[in-house]
Amino acid sequence: SGRFVTEAPDHARPAQEVSVRPMLQELGAEDDVRAAIYLRGATALVQGPRGATAERTARAVRELVIEARTSTRRLRLGQPASVLLEGSFGSLLLSPGEQGTSAVWCSGVIKRRHEELLRDLSDLAVADLGDEA
């Protein structure tokens, strides 16, 4: 929490702090979206797949983001703003941000709306991720 045990909790929340869950649900509710994912540290929120499939999907996305960051650093390209993978599986768009990483997996092509929602999610200072993983 960034506070000592003896410090009183600060109940004032910055204006930009919002909950991720409604934005993920909005993104995951679209017809062609197979999974919407938000990663922050060891926490993963997944809309779409459930149970072990959700865990494997989140783990795979986390590994892709790590590899993308490592590869761009080695090539001296800087930080990746987004990563787009397309193939027979559909399209996967990753949006690594300072606060967290968001991703969307679609059966078709990625839409402009998906890109905007992912960018917004990645740049949020998140108030509450809940206790899901």
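A residue counts as buried when its relative accessible area is under 20%. In this predicted model, Asp32 has a relative accessibility of 14% and is therefore buried. Its salt-bridge partner is Lys111, with 3.8 Å from N to O. The two residues are 79 places apart in the chain. Lys111 sits in the loop between β6 and α3, and Asp32 in the loop between α1 and β2. Lys111 is partly exposed, at 41% relative accessibility.

The structure holds four salt bridges. One of them joins the side chains of Glu26 and Arg113, at 2.6 Å from N to O. This pair connects helix α1, which holds Glu26, to helix α3, which holds Arg113. The separation along the chain is 87 residues. Glu26 is partly exposed at 37%, and Arg113 is partly exposed at 38%. Arg113 also forms a salt bridge with Glu30, at 2.8 Å from N to O. Glu30 lies in the loop between α1 and β2, 83 residues from Arg113. With a relative accessibility of 16%, Glu30 is buried. Glu26, Glu30 and Arg113 thus belong to a network of salt bridges.

The largest nonpolar core contains 15 residues. Val20, Leu24, Leu27, Val104 and Leu121 touch the most other members. At least two core residues come from each of α1, β2, β6 and α3. Helix α1 gives the most, with four. Beyond its neighbours within four places in sequence, Val104 is in contact with residues including Leu27, Val33, Ile110 and Leu118. Another core, of 14 residues, lies apart from the largest one. Among its members are Ala35, Leu92, Leu94 and Ala103.

Terms used:
Residues are numbered from 1 along each chain as its sequence is written. This is a predicted model: local features need pLDDT of at least 70, side-chain atom pairs count only at pLDDT 80 or more; totals for chains, interfaces and linings use all residues. Side-chain values use heavy atoms; hydrogens and water are left out. A nonpolar core is a set of buried Ala, Val, Leu, Ile, Met, Phe, Trp, Tyr and Cys residues joined through side-chain atoms within 4.5 Å. Buried means under 20% relative accessible area, exposed over 50%, partly exposed in between (1.4 Å probe, protein chains only). Contact means heavy atoms within 4.5 Å.
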